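Biologist: I am new to this structure and should like to learn how to read its features. May we go through them in turn?
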Amino acid sequence: MTQNNQVPVWEDPNISVPIVPFSELRRTRLSAVKQTIRKWPVLSIVILSLLVIAGVFAKWIAPQDPYEAVLVDRLNSPVWYPDGSMKHILGVDHLGRDVLSRIIHGASVSLIISLAVISVSATVGTFLGMAAGYFGGWVDDIVMRIVELMISIPLLLIAMMAAVVYGSSLTLLVVVLSLFSWPGFARQVRAEVLRLRTADYVLIAKMTGASPTRIFAKHLFPGVLNTVIVLSTLLVGSVILSESILSFLGAGVPPPRPAWGSMVSEGRDFVTIAPWIMMFPGIAIFATVLGFNFLGDWLRDYFDPRLRQID
Amino acid sequence: MTFMVFTMLLVTILIFGLSRARGDPRLMLLDDNTTQETWDTWGEQMGLDRPLIVQYLVWLGKAVQGDLGKSLWEKRPVTESLMQRIPATLQLGGAAWAFAMLIGVPLGVLSAVKRGSIWDYIGRVVATFGQALPPFWLGLMLILFFSVQLEWLPLGRRGGLDHLILPAITLGWLAAAGILRLVRSAMLDVLDSEYVKLARAKGVSQRNVIWKHAFRNAMLVPMTYAVLILSGFLTGTVVTETVFSWPGLGRLAVVAIQSNDFPMMAGAVMLGTGLIVVANFAIDIASVIVDPRIKFE
């Protein structure tokens, strides 16, 4: 393999592993910029920093008031159109509100919901998954049955019904989306614990009389932590997507608070005359989900390259 | 089997519970200036004086026999409306499934077999984008591009085959991305296995190795995930039908929910769950037939 290469492997200072495939050798000769891009999830970091900044500092960044409807400016075009102005960079919606400002304010909805949902479902899912994997037997049966059940129930429709009954609110959204998400954690954590529970150090801990609580906290939890972190990041994307779908269908955060999904739905009737109303919130959703997915992929490779096969 | 029944029961309890959580069902049917007498007569007729559990059982009993009551606004049996909408949804679902398989399977196989090639690259892009695109936005963008700008395809509503293209792509995209990933990783696993190596060593041609030995086994993995993809379809149908004003079950459910039409939404949600549960069961059976290693419990 190495005969064809100009620089012999043993002379290349960047290679410490004795056997490296030919295709990998070229990577060591990349420029500094490319090396950074290979090493760090640059795109994710950029997108997610923008998201966090927009979410936290919306009040100060947004050029206009997101709630103020100036009817004169109604449906004004974005800046690059011949009749657009710098006042409304991404145009104005059907009620005369600035689209860019609404997108910036909408970031906080996505942020709050994804943080809340992931912390709730990761906690519940991890705990139940660990219990199911460690105790097995009827505990396992019950947990896994509930997981299967959650998957076969059309939660979207139930969520919409609940929104009609109880009125849509942030709390309801978090509850419903957490119900959607915890089975993912439970499944993965259970599979991991099934592997860990017969490991020597766990068996020895058990033999020396450690209580289940201690085994959970000291021996199993550190083992599944990586999986939980990776899964959390990967699931944020789908939580944000589900939230936007519910918002689009009118079961999201109640108006006038801007949420990206409901902005797309508002712009739906104006696709032909003012496509910018629906286009940019959609791009915001897309970019955010992409950012979290890339970060999740990167974390997975970083923590456990073996998992790459799941891809 | 028992699990199927159990799931359905739970869904009916959820629906019934939610319907009662919003208050007396008479509020929906009668206006403010009805007399106490009429109010009581209606209550008696609807069996509201009996305990809640009895009311639930009566409602369930009727539902099992296919009597879901009358729609509040359309003034005709819910079952009739549902039946009328099924073909549109099946057509859309079938087209989307075909699209997803047509994109997902060949690209998945290609990107596994020619790892690192341009196909692998395209596959990655499709998979990444498919998972991050909001389906409703994709639908609107397709409309904007192909119907409004280029005027190649008609705008929304059900009609000939040309009406089917955009909704099918919108609904099928996510599934295509999922299938692609699953097929790719399954193919990679199988291509690395001993029996494929043996087939290669025997001198079986590349084509036969891929299609006869590897592909058939690799296809089992996506099958086990078919339930997840199907329930994704259910969500997707609701969104897609809303975007394209497609006269299917999803649209019916959304309109029923938004207009407070309880019997109708109950029917739509139950039918949706029923489809998933039955599909789940069918897939279990199908995988036993395809793969004799799986034993049916």
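Modeller: Let us begin with the term helix: a helix is a DSSP run of H or I with at least four residues, and helices are numbered from the N terminus. The model before us is predicted. In chain A, residues 155–166 form helix α6, and A:A163 is found there.

Biologist: Is A:A163 buried or exposed, and how many C-beta neighbours does A:A163 have inside 10 Å?

Modeller: A residue is buried if 20 or more other C-beta atoms lie within 10 Å of its own. A:A163 has 22 such neighbours inside 10 Å and therefore counts as buried. Leaving out residues up to four places away in sequence, A:A163 touches A:S168, A:L172 and A:A251. As for A:A199, 36 residues away along the chain, its C-alpha atom is separated from that of A:A163 by 46 Å.

Biologist: What can be said of chain A as a whole, and how many helices and strands does chain A have?

Modeller: Chain A has eleven helices and zero strands. Of its 311 residues, 42% count as buried. Among the contacts in chain A with a separation of 6 or more, 69% are accounted for by residues 24 or more positions apart.

Biologist: How many helices and strands are there in chain B?

Modeller: Chain B contains 14 helices and zero strands. Here 38% of the 297 residues count as buried. For contacts in chain B between residues at least 6 apart in sequence, 70% join residues at least 24 apart.

Biologist: How should one describe two packed helices?

Modeller: Two packed helices are described by the angle between their axes and by the distance between those axes. In chain B, helix α5 (residues 78–113) and α13(B) pack at an angle of about 135 degrees, and their axes are 8 Å apart. The two helices, α5(B) and α13(B), are therefore oblique to each other. On the side of α5(B), the contact is made by B:S81, B:L82, B:R85, B:I86 and B:T89, while α13(B) contributes B:L249, B:G250 and B:L252. By type, the residues of this contact are four nonpolar, three polar and one charged.

Biologist: Which residues touch the most other members of the largest nonpolar core?

Modeller: The largest nonpolar core has 152 residues, and those touching the most other members are A:M160, B:A176, B:A253, B:M265 and B:A268. Helix α8(B) gives the most to this core, with 17 residues. Consider B:A268 more fully: setting aside neighbours within four places in sequence, B:A268 is in contact with B:L82, B:L249, B:L252, B:A253 and B:A256.

Biologist: How many residues of each chain are in contact across the two chains, A and B?

Modeller: In this model, 40 residues of chain B are in contact with 35 residues of chain A. On the side of chain B that touches chain A, at least two residues each come from α1 (2–21), α6 (118–132), α7 (135–149), α8 (161–191), α12 (226–243), α13 (249–258) and α14 (262–290) of chain B. That side of chain B divides into 25 nonpolar, twelve polar and three charged residues.

Biologist: Where is B:Y225 found?

Modeller: B:Y225 lies in the loop between α11 (220–224) and α12 of chain B. With 16 C-beta neighbours inside 10 Å, B:Y225 counts as partly exposed. Between B:Y225 and B:W246, the separation is 21 residues in sequence and 27 Å in space, C-alpha to C-alpha.

Terms used:
Residues are numbered from 1 along each chain as its sequence is written. Chains are lettered from A and ligands numbered from 1 in the order in which they are written. This is a predicted model: local features need pLDDT of at least 70, side-chain atom pairs count only at pLDDT 80 or more; totals for chains, interfaces and linings use all residues. Two residues are in contact if their C-beta atoms, placed from the backbone, lie within 7 Å. Ala, Val, Leu, Ile, Met, Phe, Trp, Tyr, Cys and Pro count as nonpolar, Asp, Glu, Lys and Arg as charged, and the others, Gly among them, as polar. Axes are lines fitted to C-alpha atoms, for helices over the stretch in contact, and angles run from 0 to 180 degrees between N-to-C directions. Angles under 35 degrees count as roughly parallel, over 145 as roughly antiparallel, 65 to 115 as roughly perpendicular and the rest as oblique. A residue is buried if 20 or more other C-beta atoms lie within 10 Å of its own, exposed if 12 or fewer, and partly exposed in between; C-beta atoms are placed from the backbone. A nonpolar core is a set of buried Ala, Val, Leu, Ile, Met, Phe, Trp, Tyr and Cys residues joined through C-beta atoms within 7 Å.
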